[in-house]
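Hello,

Here is the structure I promised to pass on. Please open it alongside this note; my findings follow.

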Amino acid sequence: MEAADIHHIGNPTNRVDGRLKVTGAARYAAEYEAPGLLHGVIVSASVAAGRIVSLKTERALSVPGVVEIFTHENCGSGAWLDRNWKDEVAPPGHPFRPLHSDRILFDGQPIALVVAETLEAARDAASLVTAAYEVGQHCTELEVKRSQAYEPPEKRSGIPPPPEPRGKAEDAFERARHRISADYRIRAEHHNPMELFATTCVYEGKDKLTIYEKTQGSQNSQGYVTSVFGLKTKNVRVINHYVGGAFGSALRPQQQLFFAVMASLELKRSVRVVLTRSQMFYIGYRPETRHAISLAADNEGRLTSIIHDAVAATSHYEDYQESLVNWSGMMYHCDNVKLSYGLAKLNTATPCDMRAPGAAVGVTALECAIDELAHAAGIDPLEFRKRNFATLDENTGKQFTSKALGACYEQGAASIGWERRSAEPGAVRDGHELVGLGMATGMWEAALMKASAEAKLTPDGRLQVSTAASDIGTGTWTILAQIGADALGLPVGAVTPLIGDSSLSASPVEGGSWTAASNGSAVLAACEAVKQTVFKHARKMANSPLAAASFDEVVFLGGRIALRTDPDRGLSLAEVMHASDLREIKASRKAAPKLLQMRKYVSYTHSAVFAEVRVDRDLGIVRIPKIVCAVAAGKIINPKTARSQILGGVVMGIGMALHEEAMTDHRLGKIMNHNFAEYHIPAHADIADIKVIFVDEQDDKVSPLGVKGLGEIGIVGTAAAVANAIFNATGKRGRDFPITLDKII
Ligand code: MOS
């Protein structure tokens, strides 16, 4: 077998952008320079509700180097004239319009932008801006608003509302042999990607901008800018070649984009605006949720009733929604199900998608409740889940295109050594530690979104594949190169991927774990079209060894097109192109979901997460020596970057279980731990052995590549597995996340 015969899809390929990243050559949004670049620093409100009575800017304006201070009184007259502002990720409501009025809706709301010749001058001046407020009533406490929760009148696009009730959940609960009712709380979390939110807006002349922007969707940001500022699409180019993490926080255009563009247009200069780490806490976040769950089972441990009522926080100006409780109707077989999902308005910024939005918290609550019911029924929690396996999506009655969850259960259990689990909580001691095992099921969507791509082959044997996708650290650059290389039978090094630029082929934002399947399938389709063209020209050549062949009979290998049955008989791609005098062969193609198939099928990724915890008997300190995450996600394009995604998801799940929470002083309506010193995320010492297993899963329906995509599935179920292991170790239920040691002692 020749080297070129190796399949790149499925190979643990190194990141093609790895060297650029570790050497610092990969540039991020705040690292681009422009002549005469100005720096903008945002001034934030210090009250949670009310209106601005006056803003004092004289002292700030006197700082040498300060160019302008924008407030609601002099802010961008050209902005927001188009009422049809664009943001494909926006929930129903009115988007936050920075400096649009004197109203204050949340603490930390931007109230001014100081623009100066240097960052130092801008920062210094920003500290001198003072505001007087007429302070209004605020509420930042979900529990207070819980009783006023409402069903959002307008549904967010792409988010299914809870399904209609089926069966008689309350009656079945009353009659059941085994039942539990519990209340779960999962506190607000903040994304905190390493890279701060940043925009460098380069003013290229009359209303023409090149914008280097931290975003998960260059074209979404472009649409926002053109609609908010009334600019032509061809005059606004958004570039996001490299993104230092985002987890959903960069799906929507954030405030720094507005500010950089507004100031740039007003001052006719290039402007950079970077949020501080603290300001990162006043953009979208994972809302706090409360879950009242009642479950019941019969004598055989079969679920007879599932009731899940959830309430989530949103802002005063938008109805942010996620698929929060729907999972409870589809993860297990049950005939009596009743689910509800309400929102409560708080004085905070609008929450936004954060890794596996909805599932990360909804499934956590459900999976803890399942563990409680299994325990009440005296059945091993893994066995309990197997008995209640759902072979259909019972919310819709549709079939799964594939569901290798059984293999996840088997392989995950074997890897953690599930047989050593004691059924009795608190029974296993090792020195001063209590040892426990817990597990949970995970589930996430496997979506195929409409995406397009271009492929271009040149006579030097190089292939360029391009699409306006993003790589938020997920490995998009690399997998697109692998897909192109596989299609044309080239080494990965012969493929140049181009992404992160709004001028490339249309793409959705990078989110929902759909990029590999969607953009990957578009790249594959474009490559297939290029191959067809090569074949057509190859057949026409004088004395072509392929003259009598059909397309099915040829293979692309080692830079050649040849007969599948006799690879020696063929032509090099360069020969074919020279013979036809072609400087390039180019094709654009789209990938899109098959609507007919979607009437019958749904696609999801599945996982089983197993955790071993050790809890200090005296101090309540929880250690997690081992977590196993067994994932069924269809074909894995790159086991190396895929594993990295699951590792990251599991780490965030550990953060949800033990560390992460926004702590708000509700009297002031202020987040008190808006920094990395006090907002705890798992550190190296918190993470030990994480084993990632990808079980074999063939799926010829989910996407042309057989790929389901992953990234978000890694967090789903992880926090519940940890909580369930803590129960097994200690006999104490953690129902309030994060389960900090004060809740265990
Ligand atoms: Mo993901 S929360 O869709 O970036």
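**Cores**

The largest nonpolar core has 161 residues, and the members that touch the most others are Val523, Ile561, Phe610, Val631, Val722 and Ile726. Helix α8 (residues 359–377) gives the most to this core: twelve residues. Both domain 2 (145–189 + 285–447 + 599–743) and domain 3 (448–592) supply at least three residues each. Bear in mind that this is a predicted model.

Take phenylalanine 610. Leaving aside residues up to four places away in sequence, Phe610 touches Gly412, Ala413, Ile416, Trp418, Leu437, Met439, Ile627, Val628 and Ala721. Another core, of 87 residues, lies apart from the largest one; Ala79, Ala116, Ala188 and Leu209 are among its members.

**Domains and the contact through α6**

The domain assignment splits the chain into domain 1 (32–137 + 195–282), domain 2 (145–189 + 285–447 + 599–743) and domain 3 (448–592). Between the C-alpha centres of domain 1 and domain 3 there are 40 Å. Their contact takes 18 residues from domain 1 and 15 residues from domain 3. On the domain 1 side, α6 and β10 each supply at least two residues. Which element gives the most to that side? It is α6, with four residues.

Now α6 itself. The helix covers residues 218–229 and has twelve residues. From first C-alpha to last it reaches 16 Å, close to the 16 Å expected at 1.5 Å a residue. Why call α6 largely enclosed by the rest of the structure? Because eleven of its twelve residues are buried. They are Ser218, Gln219, Asn220, Ser221, Gln222, Gly223, Tyr224, Val225, Thr226, Val228 and Phe229. The cover over these buried residues includes β9 (209–213), β10 (236–239) and α7 (255–267). Glycine 230 follows α6, and its phi is positive, near 65°.

The unreviewed UniProt entry annotates residues 23–137 as "domain: Aldehyde oxidase/xanthine dehydrogenase a/b hammerhead". Over residues 23–137 the chain is 10% helix and 30% strand. The end C-alpha atoms of that stretch are 50 Å apart.

**Strands**

One open sheet has five strands, in the order β14-β13-β12-β7-β32, with mixed pairing. Its edge strands are β14 (337–345) and β32 (736–737), and each pairs on one side only. Strands β12 (residues 289–297) and β13 (residues 303–314) run antiparallel, joined by nine bridges. One detail there: alanine 297 has leucine 303 of β13 as its bridge partner.

Elsewhere, β28 (residues 622–632) pairs with β31 in the parallel sense, over six bridges. Cysteine 629 stands opposite valine 692 in β31. Strand β31 (residues 689–694) has two unlike faces: Ile690, Val692 and Phe694 lie on the covered one, and Asp689, Lys691 and Ile693 on the uncovered one. So which face holds the residue opposite cysteine 629? Valine 692 sits on the covered face.

**One more helix**

Helix α15 runs over residues 639–659, 21 residues in total. Its first and last C-alpha atoms are 29 Å apart, close to the 30 Å expected at 1.5 Å a residue. Is α15 mostly covered or uncovered? Mostly covered: 15 of its 21 residues are buried.

Over to you.

Definitions and conventions
Residues are numbered from 1 along each chain as its sequence is written. This is a predicted model: local features need pLDDT of at least 70, side-chain atom pairs count only at pLDDT 80 or more; totals for chains, interfaces and linings use all residues. A residue is buried if 20 or more other C-beta atoms lie within 10 Å of its own, exposed if 12 or fewer, and partly exposed in between; C-beta atoms are placed from the backbone. Two strands pair if DSSP finds at least two bridges between them. The expected span of a helix is 1.5 Å times one less than its number of residues. A nonpolar core is a set of buried Ala, Val, Leu, Ile, Met, Phe, Trp, Tyr and Cys residues joined through C-beta atoms within 7 Å. Domain bounds come from an automatic or database domain assignment. Two residues are in contact if their C-beta atoms, placed from the backbone, lie within 7 Å. UniProt positions are given in the numbering used here, feature names are shortened, and annotations may be inferred rather than shown by experiment.
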